[in-house]
Amino acid sequence: MHLRTSAASFGFPGFKIRDKLHSRQLAQDFIFKLGYKERNILFEELQRIQTQAAAIRETVNPDPPTQAQLKVLFAHSAVPFIGFGFLDNLIMILAGDYIETTIGITLGISTMAAAGMGNTLSDVAGIGSAYYVERLASKIGVKAPSLTPVQATMSRSRWCINLGRAFGVTVGCLLGMFPLLLRQFSPANLFAFL
């Protein structure tokens, strides 16, 4: 079993979605970044999964996740990524616009260079805000479905997780573009309109 971690979904800088904890050193690095309470939660969850896995080995054909479980899994995967996508685009647009109108004019950099700098700031802020986005998602009541370890590794569950993340980040990025609507209503544009 590979444990995948993500700076976007778990708030641990340095761990990307593509990383796997396939060595003792990576596992230790991951554990050291956890707080005391988070380590206890992880330990209890690992024990629960080991107990369930032992019970499931006796089952020849485990039941696939129900439609209700898949819907909850989709929502649980989507909500944190809505927050991440929102913050990512919001900060990128605001920082890129600010950089273009101040530093960009002074240094003569292109719009794309300003957008790249804004994206860099947005990514750095995303690493720092991922933990808070996760906490907010759990506070609004988005709970993970109770799946067995075998159900969690089934292809339909993995599809649901990835579709939820893709849906969440798409919706979040679209919502995070709202500053572009406000540009039309700057004081100068409003004065010209009146």
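**Reading a predicted helical model**

Mentor: Ser 77 makes a good starting point, because its relative accessible area is 7% and the residue is therefore counted as buried. Please keep in mind throughout that this is a predicted model.

Trainee: Where is the place of Ser 77, and with which residues is Ser 77 in contact once its neighbours within four places in sequence are left aside?

Mentor: Ser 77 belongs to helix 4, which covers residues 67-101. With those sequence neighbours set aside, the contacts of Ser 77 are Ile 161, Gly 164 and Arg 165.

Trainee: Which helix holds Gln 69, and does Gln 69 count as buried or exposed?

Mentor: Gln 69 also lies in helix 4, and because the cut-off for buried is under 20% relative accessible area, its value of 17% places Gln 69 among the buried residues. Apart from neighbours within four places in sequence, Gln 69 touches Pro 145, Ser 146, Leu 147 and Gln 151.

Trainee: How many helices and strands does the protein have, and what percentage of its residues is buried?

Mentor: There are 10 helices and zero strands, so that the pattern read along the sequence is α-α-α-α-α-α-α-α-α-α. Of the 194 residues in the protein, 27% are buried. If we consider contacts between residues at least 6 apart in sequence, 70% of them join residues at least 24 apart.

Trainee: How should I read a salt bridge, and how many does a search of the whole structure find?

Mentor: The general idea is that side chains of opposite charge can pair when their charged atoms come close. In this structure the search finds one salt bridge, and it joins the side chains of Glu 45 and Arg 48, with 2.3 Å from N to O.

Trainee: Where do Glu 45 and Arg 48 lie, and what is the relative accessible area of Glu 45 and of Arg 48?

Mentor: Both residues sit in helix 3 (residues 36-56), where they are three residues apart, or about one turn of the helix. Glu 45 is partly exposed, with a relative accessible area of 33%, and Arg 48 is likewise partly exposed, at 34%.

Trainee: How do I read an aromatic pair, and how many such pairs does a search of the whole structure find?

Mentor: A pair of aromatic rings is described by the distance of the centres and the angle of the planes. The search finds two aromatic pairs here. One of them is formed by Phe 74 and Phe 167, whose centres are 5.6 Å apart and whose planes make an angle of 40°, which is a tilted arrangement. Because Phe 74 lies in helix 4 and Phe 167 in helix 8, this pair ties together parts that are 93 residues apart in sequence. Phe 74 is partly exposed at 27% relative accessibility, and Phe 167 is partly exposed at 45%.

Trainee: What are the centre to centre distance and the angle between the planes for Phe 86 and Phe 178?

Mentor: For Phe 86 and Phe 178 the centres are 6.1 Å apart with 10° between the planes, and the pair counts as stacked. Distant parts of the chain are linked by this pair, since Phe 86 is in helix 4 and Phe 178 is in helix 9, 92 residues apart. Both rings belong to partly exposed residues, Phe 86 having a relative accessible area of 28% and Phe 178 one of 36%.

Trainee: Which residues does the UniProt annotation "transmembrane region" cover?

Mentor: According to the unreviewed UniProt entry, that annotation covers residues 163-182. In the model, this span is 90% helix and 0% strand, and its end C-alpha atoms lie 31 Å apart.

Trainee: Which residues make the nonpolar surface patch of about 250 Å²?

Mentor: The patch is made by Leu 174, Met 177 and Leu 180. Met 177 is placed in the loop between helix 8 (155-175) and helix 9 (178-183), and at 33% relative accessibility it counts as partly exposed. For the protein as a whole, the accessible surface comes to about 13,000 Å², of which carbon and sulfur atoms contribute 66%.

Trainee: How far apart in space and in sequence are Ala 125 and Phe 84?

Mentor: Measuring from C-alpha to C-alpha, Ala 125 and Phe 84 are 9.9 Å apart in space, although 41 residues apart in sequence. Ala 125 is found in helix 6 (residues 111-139), and with 28% relative accessibility it counts as partly exposed.

How values were computed
Residues numbered from 1 in each chain as written. Predicted model: local features only at pLDDT ≥ 70, side-chain atom pairs only at ≥ 80, totals over all residues. Heavy atoms only, no water. Helix = DSSP H or I, 4+ residues; strand = E, 2+ residues; numbered from the N terminus. Buried < 20%, exposed > 50% of the residue type's maximum accessible area, 1.4 Å probe, protein only. Contact = heavy atoms within 4.5 Å. Areas by Shrake-Rupley, 256 points an atom, 1.4 Å probe, with all protein chains shown as cover. UniProt positions renumbered as here; feature names shortened; annotations may be inferred. Patch = residues over 30% accessible without salt bridge, like charges linked within 9 Å, V, L, I, M, F, W, Y side chains within 5 Å. Salt bridge = Lys/Arg side-chain N within 4 Å of Asp/Glu carboxyl O. Phe/Tyr/Trp six-rings, centres within 6.5 Å; stacked < 30°, edge-to-face > 60°.
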